[in-house]
Amino acid sequence: MLVRKCAKGNKVYIFKPRTKENVTYKFSGESISFDAQNKSYIVVSDGAVVKRTDSWITAQSAFFKEAEDEIEKMEVGKHKLENGIVVEL
């Protein structure tokens, strides 16, 4: 499942795979494949896996580093997800 994508147009995503093995996601005219290697969160930048982790905080930190934009941290009660993009309530 796509959890988060860069709102600024960069191809940076956080996925939470439904399976712990090879996964392919198709959305917005593109296809992304990766091996989850038994991890809960996968960060992908320009089609390449940059981080596999079981920690949301670690995944979000890698996402920020790859996005290279002023993107806000997602906080419960302050933000919500719309199609994988964080927006303020």
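**View 1. Asp46 sits in the loop between E5 and E6.** This is a predicted model, and our tour starts at a turn. Strands E5 and E6 form a hairpin that leaves two residues between them. Asp46, in this turn, has a positive phi near 50 degrees, although Asp46 is not a glycine. To see what makes that worth a look, keep a general rule in mind: most residues other than glycine have a negative phi. Is Asp46 buried or exposed? Asp46 counts as exposed, because its relative accessibility is 62% and the cut-off for exposed is over 50%. Beside the turn, Ser45 has Ala48 of E6 as its bridge partner.

**View 2. Asn38 also has a positive phi without being a glycine.** Here the value is about 65 degrees. Look for Asn38 in the loop between strand E4 (30–35) and E5. With a relative accessibility of 52%, Asn38 counts as exposed.

**View 3. Four strands make an open sheet in the order E1-E2-E5-E6.** The pairing in this sheet is antiparallel. As a general reminder, strands of a sheet pair through backbone hydrogen bonds, either parallel or antiparallel. Which strands lie at the edges? They are E1 and strand E6 (48–53), each of which pairs on one side only. From one strand to the next, the twist averages 20 degrees. Helix H1 (residues 56–67) packs on the sheet and touches E1, strand E2 (12–15), E5 and E6. The direction of H1 makes about 170 degrees with that of E2.

**View 4. Strand E5 (residues 41–45) pairs with E6 over five bridges, while four bridges join E2 to E5.** Both pairings are easy to follow residue by residue. On the E6 side, Val43 stands opposite Lys51. On the E2 side, Val12 stands opposite Ser45, and Tyr13 has Val44 as its bridge partner. How many residues of E5 are buried? Five of its five residues are, so the strand is mostly covered. In general, the side chains of a regular strand alternate between the two faces of the sheet. In E5, one side carries Tyr41, Val43 and Ser45, the other carries Ile42 and Val44, and both faces are covered.

**View 5. E1 and E2 are joined by three bridges and run antiparallel.** Arg4 has Ile14 of E2 as its bridge partner. The hairpin of E1 and E2 has six residues between the strands, and in it Gly9 takes a positive phi near 100 degrees. What about the two faces of E2? Both are covered: Val12 and Ile14 are buried on one side, and Tyr13 and Phe15 are buried on the other.

**View 6. Lys5, in strand E1 (residues 2–5), is buried yet has no salt bridge.** Which side chain of opposite charge is nearest to Lys5? That is Glu30, 7.5 Å away. A salt bridge would need a nitrogen-to-oxygen distance within 4 Å. Leaving aside neighbours within four places in sequence, Lys5 has contacts that include Val12 and Tyr13. Also among its contacts are Ser28, Phe63, Asn83, Gly84 and Ile85.

**View 7. Phe15 and Tyr25 form a stacked aromatic pair.** The structure holds six aromatic pairs. In the one shown here, the rings are 4.7 Å apart, centre to centre, with 15 degrees between the planes. Why does this pair tie together separate parts of the sequence? Phe15 lies in strand E2 and Tyr25 in strand E3 (residues 22–27), so the pair links parts that are 10 residues apart. Phe15 is buried, with a relative accessible area of 0%, and Tyr25 is buried too, at 10%. Zooming out a little, Tyr13, Phe15, Tyr25 and Phe34 form one aromatic cluster.

**View 8. Ser61 is found in helix H1.** How accessible is Ser61? Its relative accessible area is 42%, so Ser61 is partly exposed. For a sense of the spacing here, compare Ser61 with Lys51: they are 10 residues apart in sequence and 9.9 Å apart in space, C-alpha to C-alpha.

Technical notes
Residues are numbered from 1 along each chain as its sequence is written. This is a predicted model: local features need pLDDT of at least 70, side-chain atom pairs count only at pLDDT 80 or more; totals for chains, interfaces and linings use all residues. Side-chain values use heavy atoms; hydrogens and water are left out. Buried means under 20% relative accessible area, exposed over 50%, partly exposed in between (1.4 Å probe, protein chains only). Lys and Arg count as positive and Asp and Glu as negative; His and the chain ends are not counted. Contact means heavy atoms within 4.5 Å. Two strands pair if DSSP finds at least two bridges between them. Axes are lines fitted to C-alpha atoms, for helices over the stretch in contact, and angles run from 0 to 180 degrees between N-to-C directions. Rings of Phe, Tyr and Trp (its six-membered ring) pair if their centres lie within 6.5 Å; planes under 30 degrees apart count as stacked, over 60 as edge-to-face and the rest as tilted.
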